[in-house]
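Q: I'm new to this one. Can you show me the model so we can go through a few spots?

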Amino acid sequence: MGIVGRRREVVEAKRLLSDTRLLMLTGVGGVGKTRLAIRVAAEVRRAFPDGVWLVELAALQDGDLLARNVAAALGLRDRSVRSSAETLVDFLQGKRLLLVLDNCEHLLEACAPLVEKLLGGAGGLRILATSREPLRAREEVVMALAPLSVPDRVEQVTPRTVAQYESVMLFMERARAVRPEFVISSENSSMLARLCRQLEGIPLALELAAVRLRALSLEQIVDRLDNRFRFLTQGYRSALPRHQTLKATVDWSYDLCSSAEQTLWARLSVFPAGFDLDAAEQVCSGDGIAHEDVLGLVTSLLEKSILIREDDDKIARYRLLETLNHYGQERLDESGAQTLYRRRHRDYYRQLAERANLNWFSQRQGDWFAMMRQELPNLRAALAFSLADTDRTEASLDIATKLYGYWVFNGAHSEARHWLDQALRKNKRSSPARFEALAVDATFALMQGEIDVALPMMNECREQIAHSDDGRSQALLKLLLGRASFLTGDLPRAIGELTEARDWYRENQKKLADNGSVNEAFFASFYLATSAAFLGCDGSADLAAECLKMAESADAPGEISMGRWVVGIDCWRAGDIEQAGALFKDSLHIDYVIGYRYSPVWSFEALAWAASAQKQYERSACLLGVADALRRSLGLSLEKFRPYALAHETCERQLRSALRHEKYATAFRFGAGLDFDEAIAYALDPDSPVQTQAEPPDPSTPSVLTRRELEVAQLVAEGMSNKEIAARLVVAQRTAEGHVENILVKLGFNSRVQIAAWILEHRNASRQ
């Protein structure tokens, strides 16, 4: 739904934003802060050449993850061992950019220092934030958002006069969605004015009232409001009364629900964000609500606008509005059942993580990745509760460990270590679960090149299994040691350790399928083949082919990409440069389609080596620039990956010798300046113009959308389906679906038709 009224506020917010670097929109919950922020951001977009970026914070509960969430919204992956705040400052330096931080109120202690650090380190940054109270940060200018205008008590009420007020405009827009025949008349104008005054112009209260027109007359609604709100007072310091007004409105909606609906509403509050029907049935049934009754109750709550359905072409998902979620939590807490249902929520997502882990190395890998990404707020809530649940903290080890594949694909190495470190501190007793968590934590440290961090964890793993005959644990330790040796450049030692691991996995294939260790077998094969290729061993081609065959047999796209890359490395070492380049491109294309961002760093780097070998020196320098920029964005140091660093140094020396210094520097800067889509297009087709693969967005279109989302919005306006958009952009259909969903959320729309109309509106405006 779009914004209604607020013209004065939009103008004032734009004026303030032009004079200050931190503008905070404050106001009671439900007053419309988010919608106003999005509208303002859309209208000032042209003033920010590096874009306008929206960061949703409502579902984030852990302030320690704030900087990582902001980095993710900006497209940065958090594999860096430095703090995410430092990575953000580096990224933002020299850019003119608007950051919109939405719903800060529950993270004030984390938001204030982060905002000050970002503003202090990036002179071109502006921040527009929303919260129920100020941050109290330096440079902050607060704009208190009042409720919508309401008819004056002494004014003569007529259909014409009452229709001029923003609160009436909003109520009428929502009312017509429920009863299209509903109009302002001389008979109901006074009642409308009374209703809007009693609800004090609070948008959420008005929307909740409008939906009741399905079952009640306007007079009945007002009569109920009279009974509920007669105790409220008004005053200049109106935060508390307005909060009471909103709570009274929610109380009223709650009272209109049946006892079973009220119970389900309270139980559903354990979901911090969206959920599907299966989750609701598994977590919230029982104790008075039959499993088969959940669907009907969910439908009833949808009809009463307690739940919102989120668009998803594959499976329906629902969520409670933030205010209604908090209200449900209070009711659940009052019932004494909060711990019970949070445990059930934790157990459900623990099982989901387990299923994802068991099925990750398969053709459904992309589907599981999309599901885990969608369920991340729930998984985080399950992890946080597990750490706080003194009776069952070991569940945190299990969940964080089983999310290994998701952490890798999403590039969330630092977040994985954040959860694993906490879980390990809470569970210090030696156990199989602790061993698994130590191994996974060490793996992520190695992926960040932090051998010094990984070694103590590997040593504890060794101590824990010193007297064990568990072959799989011994093989996993050998795999970790081999990866560490590879990073330091001790390739002979790496080959010895990885061969032992590979041999055990090869001899125990059936056991692997039963405990979800198939990925370990692949990585043993991958790093063995990679080590052999860089060392130039006889038989390296066979090892690389075996690795690729393993991935292709499972039809797991991420591992197929890695398999093709290592075969390409072997071809490059053997002098078959053309074949190597083709394989590196295949790997890059697969990663791009599935959204895997860690692997492309090394594909761009390897393509640069191949281009240099083919004497395409300027192209090679450009690709080195791309790889360097990606590493910087990920916080990776090439020096910590010695085999790659040595190949890079050889390539760079060749380029500097073949090109004049200025020519090399120009090509390198060109590559470093490309965004990810442009870099992909250039790498896959060097003759193509450096632009994204769809038509570039109209620069006159104001938006809080990313560049890719603007492209998708334009294709939606052309009438394309998600499948057609995916084909046009050469991405997976689920990726296109995700873009459309993000567009709807950011613009406050609920249909593709609204997206098309929005694009058309701004195109027409730019021609005037």
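Q: Which helix does I725 lie in?
A: I725 lies in helix 37, residues 722-729. Helices here are DSSP runs of H or I with at least four residues, strands are E runs of at least two, and both are numbered from the N terminus.

Q: Is this a predicted model, and how are residues numbered?
A: This is a predicted model: local features need pLDDT of at least 70, side-chain atom pairs count only at pLDDT 80 or more, and totals for chains, interfaces and linings use all residues. Residues are numbered from 1 along each chain as its sequence is written, and side-chain values use heavy atoms, leaving out hydrogens and water.

Q: Back to I725: buried or exposed?
A: I725 is buried, at a relative accessible area of 0%. Buried means under 20%, exposed over 50%, partly exposed in between (1.4 Å probe, protein chains only).

Q: What does I725 touch, leaving out residues up to four places away in sequence?
A: V712, L715, V716, M720, A736 and R752. Contact means heavy atoms within 4.5 Å. The C-alpha atoms of I725 and A736 are separated by 6.5 Å.

Q: New topic. At what angle do helix 7 and helix 8 cross?
A: Roughly 105 degrees, for helix 7 (residues 166-178) and helix 8 (residues 189-198). Axes are lines fitted to C-alpha atoms over the stretch in contact, with angles from 0 to 180 degrees between N-to-C directions.

Q: Which residues make that contact?
A: S167, V168, F171 and M172 of helix 7 meet L192, L195 and C196 of helix 8.

Q: And strand 2, how many of its residues are buried?
A: Four of its five, residues 52-56.
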